[in-house]
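Please open the model in your viewer and keep the sequence panel beside it, since this tour moves from one selection to the next.

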Amino acid sequence: FSVSLFYLVGLFDLWLGIRTLFISSAGAYIIAKYVDGSFMPWTGFVFLMGHLSISHIYRQFANAPDKVDITGAQMVLVMKLTGFCWNVYDGRLKQEDLADFQKERALLQLPGLLDFAGFVLFFPSLFAGPSFDFIDYQRWITTTMFDLPQGTDPKHAPRTRKQRKIPRSGTPAVFKALAGLLWIVLFLKFSAWYNTELVLSSPYMNYRLLRRIWILAMLGFATRMKYYGVWHLTEGACILSGLGYKGIDPQTGRARWNRLENVNPWGIETAQNTRAYLESWNKNTNNWLRNYMYLRVTPKGKRPGFRATLATFVTSAFWHGFYPGYYLSFLLAAFLQTVAKNFRRYVRPFFLTPDGQKPTKHKIYYDVASYLTTQLAFCFTTAPFVLLTLSASLLVWSRVYFYAVIGTAASMAFFASPGKSWLIRQQNARQKNFKWMQQQEQQQQAASPGLKLEHPIMGGGLPSDPGKELDDAVREIKEEVEISKKSGVSVSMPRGADMKAAVERKLGRKL
């Protein structure tokens, strides 16, 4: 609490920022305490988002990126306080009416002002997140977060210092801090090479198209480095305080410190589809949108539909601000998700076995293509997020010939055409043929229950080594002929149809 006040006032001179955070916090607390009924959390949401929108508009018109601004801290606070209102509301409902995630976070009584102030001004996550629910803060304060699960041997408990219950967190915190500093150093280096001034300049058009796309991709990468660095540092601070603790890994027996992990750089940079990409970015914001918007607008007993998706999209856009670039990115990203789902549902199965359990030898080509497509699509889509203005965003998009827009539109058109039905028919044919082969194999095994097949039957009912089986059959026939000769029986070698019939008898099937 006091550290946050020191930085807000003593270091950054954000007296107006203190006022802004106080208005949001006091308003949310009063609403949670005095407003009753199902409209309480929605009242808090509208109040907090409205107040944040005012700050966004003021920041946009001030257009002073070199000054320290309170809007980032207010965005984090909105996530914490809207979740707080929902948690208080859930605490007033019957337990049997709640989902599991609601039961886990519900507040059965309103916390005191001191605890609430500590939650609001928790310094490690004040300016850039990560956000968390009040129940996590409460369990951290009371140290119940660090209780061992039932049945856990106390000998396997994480090491602590003296009588403290918080496990030692210095080492993972230092690793996070070092990683954050490394990302910031890389950001300073790469942002000097790849920046918005370059893609908006005339010399940018002197490069060939592939080089321009590469520069655009590196601009996105350089921008992400800034967030990687900041979020690693704040997560490290939360780990050092103990709030990042997430129990004991059942496999390794070691403490896990990823409760407040906000970003997974490796997951983003190696993502092969939109879902993997988005799930690795700004995780706590994604959790907030899912738990306190997507699922909340869905009627009980029904699956989330278009209304939930639209409400989540609008909330995310308003939460970020009102720069046109945000809305261009969100709009195109929504279509990208739809296209990605269609490719995964109707194209990817062709690179798996018909039962969908194993990859085929051609799966590597699909993986490479999907990786390149995902990364190139997102470097195009997120460019307006960096450029912000409509004119700059459209200019840069035009300089790479709107390749992601055209590709998305073409894909949407294809999946709305008879091409989608053709893919479905091909899938059904593969599965039908696969089931028929399985039935043939089962029938063959049933006909010879004592026979163990050393060589599995391949596609089309052929043995894995048909040449070997034919040689064995001919060899056996010759041996029978030789035995007959030695016994004095006159025998002639079968020819033509007789040889074929004899071989078929040995193989047990028609050739």
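Where is the place of Pro130? Select Pro130 and its neighbours, and you will find Pro130 in the loop between α6 (113-120) and α7 (134-141). The peptide bond that joins Gly129 and Pro130 is cis, with omega at about 5°.

Before going further, please note that this is a predicted model, in which local features need pLDDT of at least 70 and side-chain atom pairs count only at pLDDT 80 or more, while totals for chains, interfaces and linings use all residues. Residues are numbered from 1 along each chain as its sequence is written, and side-chain values use heavy atoms, with hydrogens and water left out.

**The whole chain**

Colour the protein chain by secondary structure, and 22 helices and zero strands appear; helices (H or I, at least four residues) and strands (E, at least two) are DSSP runs, numbered from the N terminus. Of the 511 residues in the protein chain, 38% are buried, where buried means under 20% relative accessible area, exposed means over 50%, and partly exposed lies in between (1.4 Å probe, protein chains only). With a surface display switched on, the protein chain exposes about 29,900 Å², of which carbon and sulfur atoms supply 60%; accessible areas come from the Shrake-Rupley method with a 1.4 Å probe, and for residues only the protein chains shown count as cover. Among the contacts (heavy atoms within 4.5 Å) with a separation of 6 or more in the protein chain, 66% are between residues 24 or more positions apart.

**The cores and helix α4**

Next, select Leu8, Leu21, Phe84, Trp140 and Trp319, which have the most contacts inside the largest nonpolar core, a set of 55 residues. A nonpolar core is a set of buried Ala, Val, Leu, Ile, Met, Phe, Trp, Tyr and Cys residues joined through side-chain atoms within 4.5 Å. Helix α4 (residues 71-91) gives the most to the largest nonpolar core, with eleven residues. Apart from that core lies another, of 30 residues, among them Tyr204, Ile215, Leu216 and Phe378.

Return to Phe84 and show what surrounds this side chain: leaving aside residues up to four places away in sequence, Phe84 touches Tyr29, Ala32, Leu107, Leu110, Pro111, Phe116 and Phe134. Then move to Asn87, which lies in helix α4 and counts as buried because its relative accessibility is 0%. With residues up to four places away in sequence again not counted, Asn87 touches Arg105, Ala106, Leu107, Asp133, Phe134 and Tyr292.

How many disulfides does a search of the whole structure find? The search finds zero, a disulfide being a pair of cysteine sulfur atoms within 2.5 Å. Two cysteines to select here are Cys85, buried at 0% relative accessibility, and Cys379, buried with a relative accessible area of 5%.

**Helix α18 and its surroundings**

Now select helix α18 (residues 390-399), whose buried residues are Ala392, Ser393, Val396, Trp397 and Arg399. Why are they on the same side of α18? They cover an arc of only 160° around the axis, which puts them on the same side, the arc being that of the directions from the helix axis to the C-beta atoms. What covers these buried residues includes α9 (196-200), α10 (209-241), α15 (324-346), α16 (363-381), α17 (383-387) and α19 (403-415).

At the start of α18, a side-chain oxygen of Thr389 reaches to within 3.3 Å of the backbone nitrogen of Ala392. Just before that, Leu388 is in the loop between α17 and α18 and, although not a glycine, has a positive phi of about 75°. On the other side of the helix, Tyr401 lies in the loop between α18 and α19, with a positive phi near 60° in a residue other than glycine, and is partly exposed at 49% relative accessibility.

**Last selections**

Go to Ser370 in helix α16, which is buried at 12% relative accessibility and whose side chain reaches the backbone oxygen of Asp367 at 2.9 Å. Finish with Ala409 in helix α19, partly exposed with a relative accessible area of 45%; draw a distance from Ala409 to Phe335, and the two are 8.6 Å apart, C-alpha to C-alpha, although 74 residues apart in sequence.

Note on methods
Polar contact = N/O pair within 3.5 Å; in protein donor to acceptor, adjacent residues only side chain to side chain.
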